[in-house]
Amino acid sequence: MEEAGGSLMIAGAGCSGIGGGCSVAGDLHKMEKALRGAFLDIRSSNEFTIHPANGLLMHALQSFSGNTYMLQSILANGDYTTEPYCRLLQCWASELEKDAEMMCQGEKGRKYIFLMNNIYDVLQMIRRQGATFANVELVSKLNSLIQRYKKSYFDQCWVPLTSTCRLNLDKFTAEFLATCDNQRTWKVTAQLRYELRQEIVDLTVPLYELSLSALHANQSWFSAVLCSFKRVTAGKKKQKRYTGEELAQKIRGLFEG
């Protein structure tokens, strides 16, 4: 993935030790402020850009993980209803969503690819470093975010095609091909790329094959001739009938690494 540049540091790093000279709650607020201040150059970014806040999130999580006093103090004070890990994660996700919205204006579905790519980046950093803060709840929340954004991506880009497929195969085919052409060069991390392709196949191909079979079964010779005549007289080019496997092959060509 492409890493966004920029000189970043946790605000308040000049304090004499985390949880020492600084207040515990103040340290958490400074970390949140640093996450919110992570700058993404929208003009030079795409869906494969690593957001600079990812590194800050890892640094903040490691700081808490290495300071038992800080964690115990925050939880004992009762100032927060969630663990600091989850609070920092919420702050980070909020910043990602705002930048994704700005970066991908008018591009249906692309912002969700950016969001999922960055979540996978954080998950990989956690696993690669064997982070001690990789508790079940934190990883579960990251995976829940992926599922949420994936659902939004499908709702925007692919689910509407299933309704079209039931009503008009020609229109479905045209919209399907346009969507594939638009997303073919989007950059997606390897695991997510495989998952999305398979789920798009599962969503669209069986329904297309069912609709195609129903059309063939219900269409008499006379109606086929009449339909063809209408297309010619209306000056419309007949839409090619693809097989389910041909559609699946186009889906497997989606996205780049």
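# Reasoning through a predicted fold

Me: What makes the link between the side chains of Arg87 and Glu32 a polar contact?

Reply: The distance does: the two side chains come to 2.3 Å, and the cut-off is 3.5 Å between N or O atoms, one able to donate a hydrogen and the other to accept it. So 2.3 Å passes, and the pair counts as a polar contact. Keep in mind that this is a predicted model. Arg87 and Glu32 sit 55 residues apart along the chain, with their C-alpha atoms separated by 8.6 Å.

Me: Why is Arg87 called partly exposed?

Reply: Its relative accessible area is 24%. Buried would need under 20% and exposed over 50%, so a value in between is partly exposed. As for its place, Arg87 belongs to helix H5, residues 84–103.

Me: And why does Thr189 count as buried?

Reply: Thr189 has 10% relative accessibility, and the cut-off is under 20%, so buried is the right word. Thr189 lies in the loop between helix H9 (169–183) and helix H10 (190–218). Leaving out residues up to four places away in sequence, Thr189 touches Phe48, Asn117, Tyr120 and Gln124.

Me: How many disulfides does the structure hold?

Reply: Zero. A disulfide is a covalent bond between the sulfur atoms of two cysteines. To be counted here, a pair of cysteine sulfur atoms has to be within 2.5 Å, and the count comes out at zero.

Me: Why is Cys104 called buried?

Reply: Cys104 has a relative accessible area of 5%, which is under the 20% limit, so it is buried. Cys180 gets that label too, because its value is 6%.

Me: What makes the buried residues of H8 sit on the same side?

Reply: The buried residues in helix H8 (residues 159–167) include Leu161, Thr162, Thr164 and Cys165. They cover an arc of only 165° around the axis, so they end up on the same side of H8. Arg166 and Leu167 are on the other side and exposed. The buried residues pack against helix H7 (136–157), H9 and H10.

Me: Which residues touch the most other members of the largest nonpolar core?

Reply: Trp92, Met116, Tyr153, Trp158, Phe176 and Leu196, in a core of 63 residues. Helix H6 (residues 110–129) gives the largest share, 11 residues. Take Leu196: setting aside neighbours within four places in sequence, it is in contact with Ile113, Met116, Lys150, Tyr153, Phe154, Val188 and Phe255.

Me: How many helices and strands are in the chain?

Reply: There are 12 helices and two strands. From the N terminus, the order is β-α-α-β-α-α-α-α-α-α-α-α-α-α. Of the 257 residues, 45% count as buried. Among contacts between residues at least 6 apart in sequence, 78% join residues at least 24 apart.

Me: Where is the confidence lowest, and where is it highest?

Reply: Helix H1 (residues 17–21) is lowest, at a mean of 39, and helix H12 (residues 244–252) is highest, at 96. Over residues 6–22 the pLDDT is below 50, though that stretch still has 27 contacts in the model beyond near neighbours in sequence. For the whole chain the mean pLDDT is 79, with 71% of residues at 70 or more.

Definitions and conventions. Residues are numbered from 1 along each chain as its sequence is written. This is a predicted model: local features need pLDDT of at least 70, side-chain atom pairs count only at pLDDT 80 or more; totals for chains, interfaces and linings use all residues. Side-chain values use heavy atoms; hydrogens and water are left out. pLDDT is the predictor's confidence in each residue, from 0 to 100. Helices (H or I, at least four residues) and strands (E, at least two) are DSSP runs, numbered from the N terminus. Contact means heavy atoms within 4.5 Å. A nonpolar core is a set of buried Ala, Val, Leu, Ile, Met, Phe, Trp, Tyr and Cys residues joined through side-chain atoms within 4.5 Å. Buried means under 20% relative accessible area, exposed over 50%, partly exposed in between (1.4 Å probe, protein chains only). The arc is that of the directions from the helix axis to the C-beta atoms.
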